[in-house]
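Trainee: I should like a close look at the part of this predicted model where the two chains meet. Please describe the strand pairing there and then what surrounds it.

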Number of protein chains: 2
Amino acid sequence: MSRATDTFVEQNQTRLLEELQDFLRIPSISTLPEHKPDVERAARFVADSLSRAGLEHVEIIPTAGNPLVYGDWLHAPGKPTVLCYGHYDVQPPDPLELWRNPPFEPTVRDGNIYARGSADDKGQMYMHVKAVEALRAVNGTLPVNLKFLIEGEEEVGGASISKYVAGNRAKLKADVALVSDTPLYAEGLPTLCIGLRGLIYMELEATGPSRDLHSGLYGGASPNPVFGLIELLAKCKDSSGRILVPGIYDDVAPPAPAEKESWQRLPFREADFLADEVGASALTGEPGFPVLERIWARPTFEVHGIAGGFTGAGAKTVIPSKATAKVSFRLVPNQDPQKIIPLFRDFVTRHAPAGVRMELRVLSAAPAVMVNPDHPAIQTAARAFSDMLGKPTVFIRNGASIPVVGDFATHLGIPSVLMGFGLPDDGLHSPNEKYNLQNYYRGIMTIAHFFEELGAR
Amino acid sequence: MSRATDTFVEQNQTRLLEELQDFLRIPSISTLPEHKPDVERAARFVADSLSRAGLEHVEIIPTAGNPLVYGDWLHAPGKPTVLCYGHYDVQPPDPLELWRNPPFEPTVRDGNIYARGSADDKGQMYMHVKAVEALRAVNGTLPVNLKFLIEGEEEVGGASISKYVAGNRAKLKADVALVSDTPLYAEGLPTLCIGLRGLIYMELEATGPSRDLHSGLYGGASPNPVFGLIELLAKCKDSSGRILVPGIYDDVAPPAPAEKESWQRLPFREADFLADEVGASALTGEPGFPVLERIWARPTFEVHGIAGGFTGAGAKTVIPSKATAKVSFRLVPNQDPQKIIPLFRDFVTRHAPAGVRMELRVLSAAPAVMVNPDHPAIQTAARAFSDMLGKPTVFIRNGASIPVVGDFATHLGIPSVLMGFGLPDDGLHSPNEKYNLQNYYRGIMTIAHFFEELGAR
């Protein structure tokens, strides 16, 4: 197998860095309307990159939200087709004062490039494009058929791509998807993610009195929606983290013994996880389940935020008229959001305290996704990864959700290779987000190898 | 007994209204620093009014907060001394768009004067001043000795007057205090308030992880301080409203059977209270206690506000690093805040969930206050009130707190006559606050009679 693409990457390091820097300079913050022009500029940047790399039928697809970018190259008859996914939008950079360099002035320090979006996901999606360029520069052609679908709404829910995938099955038909939006388990450890939790994200609103009341005049007889919401939420799980909504665990598929065993071989130390990552005085969670199982393979109920009543400085003796909370269930394999939602709705209705009206709004719902590690494309990716880093590839899960992976599975019937090159401490969504340059170059090489080996099968 | 003061009030109605309007035009909002000059202007207005009414030794007393205003008239040897209290500061007027007239452009409609502060408390405290003026105009002298102490921080906690009362016992020595900052139980029903609940107001802060965490990556193993706070608060009282902090009911002194009976004779309809005042779907509270007892004579635990995590539009999958709540206990007679606080502190410590650190901050603490309805001054006030409105005076309690009444009891050893002329629907702290003009004039007359009858004993 040719390693000429490695040489190409090594010889073009400076240009590959400069191009990424140009990409990172565009503040394509999808959640802030004032950055709409930057979002559109980033979409054009992606489209131009695809064209220059040799992809065809490149188009910027308008949506109700931010544009999608599509391109393909379909001249390898009989070879597999890979659908490459990534996103060009980024999180807001605040708090700005914590950045060592301005977030949209990418700066190289200690072998890393620091900028908002460097790891999440511009640096990672750009590797796909540059792998195509390397392969075409070296071989004049590509070993597999390729389709690129890049979105600009990943940080704000990804509604447009979800709709687009559902409505364009034929156009997007492929054998496997490639997604680079996850980290290595540890530096230098080739890692494929084969499981993501699902997510039902909801808003719960409690209303009581028709207006804010004076707690002196009405306290003792008036319902208090803040307390009503607290009462209800406290009933949703016990102090160990076990969810108390009846039926919620009925369909949970536990990880296979072999998978659980493989997790025990990962370089995980609970004390380091607590001290370096969580930073609290103790971990919590269901007794009898190791930490990795709790965060990767167990459903959770979480309260992300709560607001109601007076929370300014000082004192105000109010019984507020309403309160709201943001809550979610993380789902694991075999749990169906469409079964869970009515269970929870029923629970909320049955446990709403007297005098408090509860309204439950479901903002999004996606099931967990598992990829079969024995799938040939996953095995090929694992081999390419192992060869590059000189260690056996580990198969892990991730407790978070990448909804588009579920869409690919549901609508296109294909697995996703979740092959990312980030590191656990890259600081996604945080100040001083970084991406390791060595991983950027090795990522381009690895992806080129993956395409080659997939085409050689 | 002379009713010449009634005639004086009737003949001077227009001027008495205009002067009140001048007072109400001053936006003396104590909680907003930009209104500091207005607060000072209001203090000067009060001082000038006292001087013009014939009070002596009038002074504007600087404090760490807003100035106090003092004045006295001590030329009735052998007669009782009355300490008149009121406040010249007002609540902020927002939401402005709900006002029918600008809040600081007092407007007369349907026999009411609409303005911020009209009932709470400028219109009421000004009655005291005008009663003095009426008595001096008619009799050339006063029937009792009088001291006025007017504050400008009632809406922001009243710290300065509390300190001043404690430090100036000799100067403020009196036989009884007169406070007009409460409503009639119902229009036309002479009402004296003889009980106020106490209040311990606290802030509870929960901290968990050292920074906001991604709930996908850490959910299931990381403590969540929002949920920890919810768990703790839910343990503080049961769904009926009964407080679960051990020992909290130990010292509660229940109302005497005669007092409870008298409450049953009040024109109270639970259905109207629910529909017209609370506006929720049901009332709550301890079973076995009638509504008035629950709001007047039972301790409560209330959550006034809670904040933590993400509460904006849309979804953010965060495990926040901290959350806070504002909570309070209302206290009833015989409960000692200094006994309750350690009980609660202990409860918080014992029930803090694993991995969540709880910090409890006490912002204020004041016991309940009771006035003996058989006290001669109260009986005199009741008689003056009954004579004016032609009905027997009712003795009620108020579930709220007026901390200065406790200070008068503790430091000066005197009871307070809580004789207010507001109405339950005056809209204190709300848009379109009003004060009934008939009650303003009748209030001046009644207070003049009260002084006369007190001097005649």
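Mentor: Strand S11 of chain A, residues 300-309, is joined to S11(B) by 5 bridges, and the two strands run antiparallel. Within this pairing, A:Ala307 lies opposite B:Ala307 of S11(B). Strands of a sheet pair through backbone hydrogen bonds, in either the parallel or the antiparallel sense.

The strand pair belongs to a wider contact, to which chain B contributes 70 residues and chain A contributes 70 residues. On the side of chain B that touches chain A, the elements giving two or more residues include the strands S10 (213-214), S11 (300-309), S12 (318-319), S13 (322-331) and S14 (357-366) of chain B. The helices H7 (215-218), H8 (225-234) and H11 (291-296) of chain B also give two or more residues to that side. S11(B) gives the most, with 9 residues. Sorted by class, this side of chain B holds 30 nonpolar, 30 polar and 10 charged residues.

The relation between the copies completes the description of the contact. Chain B is superposed on chain A by a rotation of 179° with 0.1 Å of shift along its axis, at an RMSD of 0.1 Å. This is therefore the relation of a two-fold axis. The same surface serves both copies, since 100% of the contact residues of chain B recur in chain A.

Turning to the interior, the largest nonpolar core has 275 residues. A:Leu192, A:Val417 and B:Val417 are those with the most contacts inside this core. Leaving aside residues up to four places away in sequence, A:Val417 touches A:Val176, A:Ala177, A:Leu178, A:Val179 and A:Leu192, together with A:Ala377, A:Ile378 and A:Ala381. A:Leu192 thus appears among the neighbours of A:Val417. In soluble globular proteins, nonpolar side chains tend to be buried together.

Another piece of strand pairing may be set beside that of the contact. In chain B, an open sheet of 3 strands has the order S4-S5-S18, with antiparallel pairing. Its edge strands, S4 (107-109) and S18 (434-436) of chain B, each pair on one side only. From one strand to the next, the twist averages 30°. S4(B) pairs with strand S5 of chain B, residues 112-114, in the antiparallel sense over 3 bridges; there, B:Asn112 in S5(B) is the bridge partner of B:Arg109. Helix H15 of chain B, residues 437-456, packs on this sheet and touches S4, S5 and S18 of chain B. The direction of helix H15 makes about 55° with that of S18(B).

Conventions:
Residues are numbered from 1 along each chain as its sequence is written. Chains are lettered from A and ligands numbered from 1 in the order in which they are written. This is a predicted model: local features need pLDDT of at least 70, side-chain atom pairs count only at pLDDT 80 or more; totals for chains, interfaces and linings use all residues. A nonpolar core is a set of buried Ala, Val, Leu, Ile, Met, Phe, Trp, Tyr and Cys residues joined through C-beta atoms within 7 Å. A residue is buried if 20 or more other C-beta atoms lie within 10 Å of its own, exposed if 12 or fewer, and partly exposed in between; C-beta atoms are placed from the backbone. Two residues are in contact if their C-beta atoms, placed from the backbone, lie within 7 Å. Helices (H or I, at least four residues) and strands (E, at least two) are DSSP runs, numbered from the N terminus. Ala, Val, Leu, Ile, Met, Phe, Trp, Tyr, Cys and Pro count as nonpolar, Asp, Glu, Lys and Arg as charged, and the others, Gly among them, as polar. Two strands pair if DSSP finds at least two bridges between them. Axes are lines fitted to C-alpha atoms, for helices over the stretch in contact, and angles run from 0 to 180 degrees between N-to-C directions. Copies are superposed by least squares on the C-alpha atoms of residues with pLDDT of at least 70 in both.
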